Amino acid sequence: MRKKETIAILLTVMLAGTSAAFAFGANVSAEEESSVEDSTDDESEDASSADDEESDIEVFTSGDYGYTVDEDTGTATLTVYNGMSDTDLILPDTVDGVTISKLGNAVLLNHTELETVTIPETVEEIGDSCFYGCTALEEIVVEDGNTALQAEDGVLYSADGLYLIYYPTAKADTSYSIADGVMQIMPSAFAQTCLTDVVFPDTLLYIDSWAFAYSSLETLNLPESLTEIGQYAFSYCTGLTEVTFPDSLELMEAACFAGCENLTEVTFSDAGNLATIQMAAFVGTGLTEVTIPSSVSEIGFCAFGYELDMDTTVSGFVVYGVTGSQAQTYCTDSDDENDYSNNFTFRTISSKNEVATDTTETGMDSSESFLDKYGMWIFIDGVAVLVLIVGIILIVSGNRKGKTDKDKMNRQSRKKAEKAIDDTLKQKQKPDVEEVSDENNTSGGDQQ
């Protein structure tokens, strides 16, 4: 599918009355819009033919309501509500005597004054995005006797419980569990709600277009039963950061996660059934890489690696996949007619696993062996401290030894000095003794 088809889808959604398309469609250039007018694609022609057929149906007006009449059934479909004063709207069961059996697409679009809406027992069908933009709406009431619809705690379901049609935008709860048995979530059912978490039943097969667009979802646990995600189903859910897709998923339609700017990780099953990822599926997200399983056989243009304008690529975007798979083809895919050319880096899944293993082992080494990282510096610092301590010890020891030697020398000097004095004294005393001895001898001789 090509850029022309993307714009055709955007214009179709806007014509249907889903105003949220403007947020994404505003990025479309005038040149791209003109290409839609010149397009000869069969799909565009078919869509134009269908629009022409619808425009041929006569629209009647009765008070605040516009309606059409089905020639086969003779019943009316409400197509317009122009009232602005009622906060608690009770829809009529007839207009101009014609039984109302259907609420048309986006019939109450952007009626922000509404707080409750009561659906008559005659209504059997609700059109797409019937209540989109009713930001003050807290409750849906279904009149007794209605065999096609039911309301559970203000939430609108089909009577058989297979379809969840609408969850009131202004309900204050942040978490909700969808009733068991639901197989399909209808268009815009949870759009713009403040829910941060939704529990899905294991019977769910389809999530339709715009189902959770602009909601406050922060976690997304998709059931293993899910097979399809519709256009813009989770677009602009800026609270989402990661999503894991179930094995059962087969189709992801255009722009299903567009504008989820904080979504940085998506995981697809290696053994799943995913075959098609349509155009712009993940434009304007926080993804810098993606691993695409080999089961995928079709990837629409700008599905990965592009900003919201679908022209600016994400710098350094990497695609992991199996050699020869559609993942590898997407990296260099091009379309001259629409000026579309990819130039992304492709790497094999095995190389990614090797890098992850190396990173894990490195992390373990770092956490388990602190010394391997810092041991050399610790050793050097330890040696320096040791040398410093030894130096201090030697200096102290040297001072003590020097003092000891000095004391020893002083003692020896004192001994020598004392000895010298003694010798001197002795030498001085010796002559006196001899003189005494001579005198004694003389005296003795005289006496004789």
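**Close-up views of cavities, cores and strands**

**Figure 1. The second largest cavity in the predicted model.** By class, six nonpolar, three polar and no charged residues make up the lining of the second largest cavity. Its lining residues are Phe 282, Gly 284, Thr 285, Leu 287, Phe 304, Gly 305, Tyr 306, Val 314 and Phe 317. The space inside the second largest cavity amounts to about 40 Å³. Phe 304, part of this lining, also belongs, with Phe 257, to the residues with the most contacts inside the largest nonpolar core.

**Figure 2. The largest cavity and its lining.** Two cavities of 30 Å³ or more are found when the whole structure is searched, and the largest has a volume of about 50 Å³. Phe 245, Pro 246, Asp 247, Leu 249, Phe 268 and Ser 269 are among the residues that line the largest cavity. The lining of the largest cavity also includes Gly 272, Asn 273, Leu 274, Pro 293 and Ser 295. Sorted by class, this lining comprises six nonpolar, four polar and one charged residues.

**Figure 3. The largest nonpolar core and another core apart from it.** The largest nonpolar core contains 68 residues, and Phe 257 and Phe 304 have the most contacts inside it. At least two residues of this core come from each of strand E11 (155–158) and helix H5 (326–331). H5 gives the most to the core, supplying three residues. Another core, of 29 residues, lies apart from the largest one; among its members are Val 117, Ile 126, Phe 131 and Tyr 166. In soluble globular proteins, nonpolar side chains tend to be buried together.

**Figure 4. Strand E9 and its pairing with strand E7.** Side chains alternate along strand E9 (residues 139–142). Ile 140 and Val 142 point to one face and are buried, whereas Glu 139 and Val 141 point to the other face and are not buried. Strand E7 (residues 116–119) pairs with E9 in the parallel sense over four bridges. Opposite Val 142 in E9 stands Ile 119.

**Figure 5. The open sheet E22-E24-E27.** Three strands, in the order E22-E24-E27, form an open sheet with parallel pairing. Strand E22 (289–291) and strand E27 (345–348) are at the edges and each have a single partner strand, so one side of each is left without a neighbour in the sheet. From one strand to the next, the twist averages 20 degrees. E22 pairs with strand E24 (residues 318–321) in the parallel sense over three bridges. Within this pair, Glu 289 stands opposite Val 318 in E24.

Technical notes. Residues are numbered from 1 along each chain as its sequence is written. This is a predicted model: local features need pLDDT of at least 70, side-chain atom pairs count only at pLDDT 80 or more; totals for chains, interfaces and linings use all residues. Side-chain values use heavy atoms; hydrogens and water are left out. A nonpolar core is a set of buried Ala, Val, Leu, Ile, Met, Phe, Trp, Tyr and Cys residues joined through side-chain atoms within 4.5 Å. Buried means under 20% relative accessible area, exposed over 50%, partly exposed in between (1.4 Å probe, protein chains only). On a 1 Å grid over the protein atoms alone, a cavity is a set of points where a 1.4 Å probe fits but cannot get out, and a pocket is an open set with protein on both sides within 12 Å along at least five of seven lines; lining residues have an atom within 4 Å of a point. Grid points are joined across faces, edges and corners, and a volume is the space filled by probe spheres set on the points. Ala, Val, Leu, Ile, Met, Phe, Trp, Tyr, Cys and Pro count as nonpolar, Asp, Glu, Lys and Arg as charged, and the others, Gly among them, as polar. Two strands pair if DSSP finds at least two bridges between them. Axes are lines fitted to C-alpha atoms, for helices over the stretch in contact, and angles run from 0 to 180 degrees between N-to-C directions.
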